[in-house]
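Trainee: Please take me through one part of this model closely, starting from a single side chain and its surroundings and then moving outward to the elements around that side chain. I would like the cut-offs behind each term as you go.

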Amino acid sequence: MPVRVLLPGGQEVVARLWARRQLPDGWRYDVGLPVYENGPGDSVEAAEYRVWVRAPDHVRPVAGVSYDQVPTEYLPKPSVVDQVLGPRRPSGWVMAKAGGRGPGRGGVVHAVDCDEALTGAPELTLERALDVAQQPGVRLCSLCGAAAELDPVLKGFDRGFEDSE
């Protein structure tokens with residue numbers, strides 16, 4: 001299938017569309033650009049250079065051409081659970097240590113995607129995050145919800161269910 005490809009510098013060429021693939025950030029098209037290559041001796045031969053390009057940034061349809069027959073890979077449909085719950089945060093925790101030496105120097109436990117979490121800090125499992133959270137001077141971040149998620153586990157789920165007599 002012919003397709004127009006926009007090249008750097010504003011040039012536009014007609015290329016061959018081989019396939020298209022849907023990705024989370026948009027579409028990519030596998031296009032074959034017409035080029036020449038050196039052949040045996042001093043000969044020059046027609047060839048094709050294939051490359052994946054971003055659509056629609058670098059690709060335009062050719063008027064009157066149907067693209068229904070182009071092999072197309074779609075993103076898998078989200079599960080019913082994902083549709084109902086929506087996007088979920090990544091799991092895991094990180095510790096931002098406070099300065100100083102010795103026991104009780106403290107720090108803050110953050111969710112891995114917290115804006116305040118240190119980039120590249122080692123990721124903690126839930127069990128390790130709970131162990132760290134019980135150390136003197138350590139607090140749980142309220143910005144990312146670490147406090148709301150870990151406090152009930154640390155203090156027990158039955159809070160608020162006591163007999164009110």
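Mentor: Two residues are said to be in contact, or to touch, when heavy atoms of the one lie within 4.5 Å of heavy atoms of the other. This is a predicted model, in which local features need pLDDT of at least 70 and side-chain atom pairs count only at pLDDT 80 or more, while totals for chains, interfaces and linings use all residues. Residues are numbered from 1 along each chain as its sequence is written, and side-chain values use heavy atoms, with hydrogens and water left out.

The side chain I would start from is that of Val-132, which belongs to helix α2, residues 126-133; helices (H or I, at least four residues) and strands (E, at least two) are DSSP runs, numbered from the N terminus. With a relative accessible area of 5%, Val-132 counts as buried, a term that means under 20%, as against exposed at over 50% and partly exposed in between, with a 1.4 Å probe and protein chains only. Leaving aside residues up to four places away in sequence, Val-132 touches Met-95, Val-109, Leu-124 and Val-138. Val-94 is 38 residues from Val-132 in sequence, yet the two C-alpha atoms are 9.9 Å apart in space.

Several of these contacts lead to the sheet. Met-95 falls within β7 and Val-138 within β9, whereas Val-109 falls within β8, residues 107-111. These three strands make an open sheet of mixed pairing, in the order β7-β8-β9, where two strands pair if DSSP finds at least two bridges between them. Because β7 (93-97) and β9 (138-140) each have a single partner strand, they stand at the edges, and one side of each is left without a neighbour in the sheet. From one strand to the next the twist averages 25°, an angle taken between N-to-C directions on a scale from 0 to 180 degrees, with axes as lines fitted to C-alpha atoms and, for helices, over the stretch in contact.

Within this sheet, β7 and β8 are antiparallel and share five bridges; one of the residues involved is Trp-93, whose bridge partner in β8 is Ala-111. Helix α3, residues 146-155, packs on the sheet as well, touching β7, β8 and β9, and its direction makes about 115° with that of β9. The picture around Val-132 thus joins a buried position in α2 with contacts that include Met-95, Val-109 and Val-138.
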